[in-house]
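Visitor: I'd like a close look at one part of this protein rather than a tour of everything. Could you put it up on the screen and take me through how that part sits among its neighbours?

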Amino acid sequence: MRYARNGDVHLAYRVFGESGPVVVWVPGWVVGNVDTYDDAASLYGPLIEKFARETRFVVYDKRGAGLSDPVSQAPSLTERIDDLRAVCDAAKANHPILLGTGEGGSTSVLFAATYPDRVDKLVLYATAARFSQQLPDFPWGFTPAEIAAQLDDIDEHWGDGALVELFHGPTSDLPGVRELFGKLQRSIASPHMARLWWQALMEIDVRDMLPKVSAPTFVFARPGDQFVPFEATAALAAGIPHARFQALPAGPHSSFDIVSESVPIVLDLVFERTEAPTDERVLKTVMFTDIVSSTEQLCSAGDTRWRHQLDIHDSVVDHMLAQYGGVRAKHTGDGVFALFEGPTRAVRCALALMPSLAVRGIRIRAGIHTGECERRGDEWSGMAVHTGARIGALAGAGEVLASRTVRDLSAGSGLIFESLGAQQLKGLPEAIDIYRVTTPAST
């Protein structure tokens with residue numbers, strides 16, 4: 001065990017592994033104590049072992065936690081990235097891969113945005129730009145009432161398994177799990193410090209920093225995570241340019257049950273040892289457009305003029321896709337199927353296409369949805385693609401319709417979403433909420 005120094009603060013850290021790329025684990029809320037990581041009974045042992053085989057794996061205790069210096073108040077985000085920089089300097093990690101989990105993911109994002117030349121890659125697991133709903137434009141995370149109850153649980157049960165359900169889900173009811181979690185808590189921090197850290201966690205907001213991340217980024221999440229909602233992690237991935245999002249097997253926030261499955265996936269992707277699998281599933285925003293009344297226009301215009309109109313259509317669409325960062329996946333006869341990294345750009349692209357084509361005598365409609373898409377070679381499929389196509393078919397001339405997922409992920413964009421209520425779309429088992437999207441009149 002060694003100590004890095006940030007001013008007067010000593011930060012305990014260790015390095016596992018002899019060679020390979022340097023990976024620095026940026027810890028979450030209840031991660032530590034580094035002195036116990038290689039104990040036979042440590043839950044972190046398998047994780048450390050797998051990374052140490054192929055990397056120099058750096059782990060450290062946050063200030064106020066584990067064997068690092070105690071503090072009287074939770075550090076600011078600025079102090080946290082300064083601490084991370086001090087650890088990187090001490091461990092000679094000049095251009096590391098950052099592995100950020102939970103709260104550590106937010107710190108990693110801020111560090112990568114602040115020091116772009118110091119980060120090789122970002123690997124983020126079960127994290128978010130925010131962890132609470134205390135602002136009206138963020139629909140995921142804990143409510144003020146839930147946070148108050150959580151703080152009470154920390155006061156009354158820290159060291160006895162406080163908040164165990166958030167981290168271990170249904171597993172927390174198994175004999176011994178609560179006791180094991182309580183023992184881990186006692187080795188990390190005092191109840192007072194745990195409470196300060198939880199309050200600080202609920203004040204984190206790095207949404208403005210997401211577009212500034214330039215490092216290649218890999219984001220992982222688990223459906224069913226009760227601590228960090230799957231949708232919140234997906235929103236974070238959508239906000240980082242060119243980030244790759246991948247769902248891991250469903251389960252609780254603490255991933256000890258899938259270490260054997262997840263770590264090889266992370267290592268293969270980050271080190272680019274293998275090509276992407278043919279059935280890769282990634283988070284994308286899909287946009288479907290369609291020329292309204294195309295058959296009638298063909299009949300009235302004739303083949304030659306209609307082909308000319310289609311050429312104009314394709315030229316305008318390709319120009320707009322390039323402007324808004326979209327990629328045309330395929331023609332759909334009288335329209336296009338395009339993919340975007342985030343929903344806001346897709347919506348703005350569709351809204352810009354409407355008048356640009358209308359003045360050329362071409363009326364279109366558009367449907368937009370965000371979800372996991374499956375790539376097989378050059379082909380894209382999956383429920384998200386099917387849903388986007390059905391939403392597009394529901395639209396009228398000049399309309400852009402979107403799913404509730406698109407609306408939620410576009411919070412704060414300035415776009416106007418008018419609810420059309422729940423709609424039963426062909427081929428889908430359940431009705432989904434549909435919205436007509438417009439921009440303010442002054443835009």
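Which are the buried residues of α9?

Guide: Before we zoom in, keep in mind that this is a predicted model. The buried residues of α9 are Val 259, Ser 262, Val 263, Val 266, Leu 267, Leu 269 and Val 270. Looking down the axis of α9, you'd find those buried residues within an arc of 170°, so they line one face of the helix. The background is simple: an α-helix has 3.6 residues a turn, so residues three or four places apart point the same way.

The length of α9 works out too. The helix has twelve residues, 259–270, and at 1.5 Å a residue they should span 16 Å. The C-alpha atoms at its two ends are 16 Å apart, which agrees. Just after α9 comes Glu 272, with a positive phi near 55°.

Now for what that buried face meets. The buried residues of α9 pack against one helix, α1 (45–52), and against the strands β5 (97–101), β6 (121–125), β7 (217–221) and β8 (244–247). Those four strands belong to an open sheet of eight, in the order β1-β2-β4-β3-β5-β6-β7-β8, with mixed pairing. At the edges stand β1 (2–6) and β8, each with a single partner strand, so one side of each has no neighbour in the sheet. From one strand to the next, the twist averages 25°.

Let's stay with the strands under α9 for a moment. β5 and β6 run parallel and are joined by five bridges. If you want a spot to click on, Gly 100 stands opposite Leu 124 in β6. Another helix, α8 (residues 230–239), packs on the sheet as well, where α8 touches β6, β7 and β8. The direction of α8 makes about 170° with that of β7.

Walk along the sheet the other way and you come to β4 (residues 56–60). Four of the five residues in β4 are buried, so call that strand mostly covered, given that buried means under 20% relative accessible area. β4 pairs with β2 (residues 9–16) through four bridges, and those two run antiparallel. Within that pairing, Val 15 has Val 58 of β4 as its bridge partner. β4 also has four bridges to β3, and there the strands run parallel. Here Trp 25 is matched with Val 59 in β4. So what kind of bonding sits behind all this pairing? Strands of a sheet pair through backbone hydrogen bonds, either parallel or antiparallel.

Next, helix α3 (residues 103–114), which shares some of these strands. α3 lies across β3 (22–26), β5 and β6, and runs at about 145° to β5. α3 has a helix for company, too: the axes of α2 (residues 77–90) and α3 come within 10 Å and cross at roughly 80°. The two helices are therefore roughly perpendicular to each other. On the α2 side, the contact is made by Leu 77, Arg 80, Ile 81, Leu 84 and Arg 85. From α3, the residues taking part are Glu 103, Thr 107, Leu 110, Phe 111 and Thr 114.

Glu 103 deserves a click of its own. This residue is in helix α3, and at 2% relative accessibility Glu 103 counts as buried. Leaving aside neighbours within four places in sequence, Glu 103 is in contact with Pro 27, Gly 28, Trp 29, Lys 62, Arg 80, Phe 131, Trp 197, Leu 201 and Ile 204. For contrast, try Asp 155 in helix α4 (residues 144–157). With a relative accessible area of 45%, Asp 155 is partly exposed.

If you'd like a sense of distance, Asp 155 also makes a handy marker. Asp 155 and Val 359 are 204 residues apart in sequence, and their C-alpha atoms are 65 Å apart in space. A second pair to try is Ile 291 and Thr 171: they're 120 residues apart along the chain, with 52 Å between their C-alpha atoms. Ile 291 is in strand β9 (residues 280–291) and is buried, at 2% relative accessible area.

One last stop, later in the chain. Strand β16 (residues 432–438) pairs in the antiparallel sense with β14 (residues 400–403) over three bridges, and Leu 401 stands opposite Arg 436 of β16. β16 also pairs with β15 (residues 416–423), again antiparallel, over six bridges. In that pairing, Phe 417 has Val 437 of β16 as its bridge partner.

Note on methods:
Residues are numbered from 1 along each chain as its sequence is written. This is a predicted model: local features need pLDDT of at least 70, side-chain atom pairs count only at pLDDT 80 or more; totals for chains, interfaces and linings use all residues. Side-chain values use heavy atoms; hydrogens and water are left out. The expected span of a helix is 1.5 Å times one less than its number of residues. Buried means under 20% relative accessible area, exposed over 50%, partly exposed in between (1.4 Å probe, protein chains only). The arc is that of the directions from the helix axis to the C-beta atoms. Contact means heavy atoms within 4.5 Å. Two strands pair if DSSP finds at least two bridges between them. Axes are lines fitted to C-alpha atoms, for helices over the stretch in contact, and angles run from 0 to 180 degrees between N-to-C directions. Angles under 35 degrees count as roughly parallel, over 145 as roughly antiparallel, 65 to 115 as roughly perpendicular and the rest as oblique.
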